[in-house]
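Student: I have a structure here and I'd like to learn how to read it. Could you take me through it?

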Amino acid sequence: MSRQREWGLEKLPSLTYLRIGGTDEVETFLEEDWLLPCTLQILLLWAHENLKMLNYSGLRHLTCLKKLDI
């Protein structure tokens with residue numbers, strides 16, 4: 001999770017569903033320079049016990065997003 005921007009998810013235009021979970025080490029999700037593809041429709045974040053902040057600037061371009069589950 002510490003290298004989110006290295007995943008290159010913004011290069012996957014067919015990605016519509018993303019589920020990320022199962023780690024206690026994450027306190028912040030979606031850093032400003034880490035982009036998800038704008039085609040993403042469902043984003044599920046689960047089992048992040050220490051999550052304190054979800055950065056809005058990483059979500060604002062998700063124009064197809066229909067479901068965000070934290």
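Student: How many disulfides does a search of the whole structure find?

Tutor: Start with the idea: a disulfide is a covalent bond between the sulfur atoms of two cysteines. The cut-off used here is a pair of cysteine sulfur atoms within 2.5 Å. Searching the whole structure turns up zero disulfides.

Student: Before we go on, what kind of model is this?

Tutor: It's a predicted model, where local features need pLDDT of at least 70, side-chain atom pairs count only at pLDDT 80 or more, and totals for chains, interfaces and linings use all residues. Residues are numbered from 1 along each chain as its sequence is written, and side-chain values use heavy atoms, with hydrogens and water left out.

Student: Back to the cysteines, then. Why is Cys 38 not bonded to Cys 64?

Tutor: Because the Cys 38 sulfur lies 6.1 Å from its closest cysteine sulfur, the one in Cys 64, and that is too far for a bond. Cys 64 is likewise in no disulfide.

Student: Are those two cysteines buried or exposed?

Tutor: Buried means under 20% relative accessible area, exposed means over 50%, and partly exposed is in between (1.4 Å probe, protein chains only). Cys 38, at 42%, is partly exposed, and Cys 64 is partly exposed too, at 35%. Across the protein, buried residues make up 33% of the 70 residues.

Student: Which residue could I look at as a buried example?

Tutor: Try Leu 59, which counts as buried because its relative accessibility is 16%. You'll find Leu 59 in the loop between β4 (53–54) and β5. Leu 59 and Leu 35 sit 24 residues apart in sequence, with their C-alpha atoms 8.1 Å apart in space.

Student: What secondary structure does the protein have?

Tutor: Helices (H or I, at least four residues) and strands (E, at least two) are DSSP runs, numbered from the N terminus. Here there are zero helices and five strands, so the definition of a strand is the one to keep in mind.

Student: How are the strands of the sheet ordered?

Tutor: Two strands pair if DSSP finds at least two bridges between them. Three strands make an open, parallel sheet in the order β1-β3-β5. Its edge strands, β1 (17–21) and β5 (67–69), each pair on one side only. Strand β3 (residues 42–46) is joined to β5 by three bridges, and Leu 43 has Leu 68 in β5 as its bridge partner.
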